[in-house]
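Notebook open, coffee poured. I want to go through the contacts in this one and jot down what turns up.

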2 protein chains.
Amino acid sequence: MDKFYTITELTREFGVSTRTLRFYEDEGLINPERRGRTRLFRPADRRLIQEILRGRRIGFTIAEIRDIIRVYKDPPGEVGQLEMLMAKVSEKRDELRQKRRDIEETLAELDNVEEACLTRLAEIGVGT
Amino acid sequence: MDKFYTITELTREFGVSTRTLRFYEDEGLINPERRGRTRLFRPADRRLIQEILRGRRIGFTIAEIRDIIRVYKDPPGEVGQLEMLMAKVSEKRDELRQKRRDIEETLAELDNVEEACLTRLAEIGVGT
DNA sequence: GCGAAAATTGACTTATACGTAAAAGTCAAT
DNA sequence: ATTGACTTTTACGTATAAGTCAATTTTCGC
């Protein structure tokens with residue numbers, strides 16, 4: 001098989017621009033192969049992009065996403081580095097839990113907003 | 001009672017700068033009273049700031065936060081406006097649910113990262 | 001009512017995450 | 001060899017959400 005994707009195939013699949021994928025490469029998040037100058041994206045690259053976009057959706061910065069990715073490719077060898085990373089992971093986890101709470105609360109609030117809209121619509125409907 | 005807060009009390013409580021709160025005022029998110037030129041923040045303003053920061057944490061833009069806030073203050077009177085708002089609410093809800101999924105997945109991944117770190121640490125520890 | 005501390009304003013700067021334009025290269029098909 | 005669709009690189013531009021700085025007020029404690 002040895003399937004690969006072109007850059008535009010992936011931009012279409014994920015709804016991002018070519019600029020975005022090249023930017024991610026510049027930032028060292030992905031490293032597609034080349035045939036001449038043209039990028040060849042392998043399934044592994046594709047999965048990586050999915051991860052990057054997931055990180056992006058929850059508000060991670062490029063640097064943070066890079067840190068997470070790096071653990072897999074190139075796990076740090078020094079104890080100090082490992083401990084720093086674990087501290088960061090712990091911090092991120094707290095942050096994500098906070099975010100999850102925020103989302104729950106905001107979802108509840110959106111329900112209120114919707115209800116307020118419906119009430120208002122009913123008022124208008126009755127009045128006319 | 002008629003308690004109020006100064007701007008710095010709130011910056012300390014919420015860990016933001018005075019410039020940030022003034023920025024939110026410029027953007028029409030809050031409207032603290034004035035005694036002379038000095039802002040007086042009432043409990044209602046304080047709650048509003050909590051909401052704004054919650055919105056910020058989950059990645060809403062200022063404009064989106066403003067839209068949500070406006071519904072309470074000044075619910076739209078036209079049917080068209082109401083329907084537009086409800087469509088937005090629905091969209092936001094989908095977005096938040098996606099984000100919640102992303103967070104769950106990333107939390108799971110952070111567990112993996114941590115485990116990888118621990119394994120690596122154990123290896124190093126044994127080796128030396 | 002005075003002086004330090006706090007608050008205000010405006011103008012400018014910053015960081016992140018791309019967008020956009022220009023100019024040239026690639027490649028398959030005609 | 002040319003067309004057309006796609007891709008590349010480089011370089012500069014932009015929007016959002018504040019931060020920084022400096023120059024004034026304003027307020028508070030005594």
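Below are my entries, starting with the chain contact and ending with the domains.

**Entry 1: what I'm looking at.** I note up front that this is a predicted model. Pairs of side-chain atoms count only at pLDDT 80 or more, while the totals for interfaces use all residues.

**Entry 2: chain A against chain B.** I looked up who takes part, and found 39 residues from chain A and 39 residues from chain B in the contact. Next I wanted the size. An interface's size is often quoted as the accessible area lost when the parts come together. For chain A and chain B, I get a buried area of about 4,200 Å². Carbon and sulfur atoms give 70% of that area.

**Entry 3: charges across the chains.** How many salt bridges are there between chain A and chain B? I count 12. One of these links the side chains of E109(A) and R54(B), with N to O at 2.3 Å. That clears the 4 Å cut-off, so I keep the pair as a salt bridge. I ran polar contacts too, and the rule finds 12 residue pairs across the interface of chain A and chain B, both partners at pLDDT 80 or more.

**Entry 4: which helices do it.** On the side of chain A that touches chain B, I find α3 (43–57), α4 (62–73) and α5 (79–127), each supplying at least two residues. Which of them gives the largest share? My lookup says α5(A), with 28 residues. I sorted that side of chain A by class as well: 21 nonpolar, four polar and 14 charged residues.

**Entry 5: domains inside chain A.** I then stayed within one chain. Chain A splits into domain 1 (1–75) and domain 2 (76–128). I put their C-alpha centres 26 Å apart. Their contact draws on eight residues from domain 1 of chain A and eight from domain 2 of chain A. Here I read a buried area of about 590 Å², with carbon and sulfur atoms giving 61%.

**Entry 6: what holds my eye between the domains.** I count two salt bridges between domain 1 of chain A and domain 2 of chain A. I also looked at K92(A) and E64(A), whose side chains meet in a salt bridge at 2.6 Å, N to O. For polar contacts, the rule gives me three residue pairs across this domain interface, both at pLDDT 80 or more. By class, the side of domain 1 of chain A that touches domain 2 of chain A comes out as four nonpolar, one polar and three charged residues.

Technical notes. Residues numbered from 1 in each chain as written. Chains lettered and ligands numbered in written order. Heavy atoms only, no water. Contact = heavy atoms within 4.5 Å. Buried area = accessible area lost by both parts, 1.4 Å probe. Polar contact = N/O pair within 3.5 Å; in protein donor to acceptor, adjacent residues only side chain to side chain. Helix = DSSP H or I, 4+ residues; strand = E, 2+ residues; numbered from the N terminus. Nonpolar A, V, L, I, M, F, W, Y, C, P; charged D, E, K, R; others polar. Domains from an automatic or database assignment.
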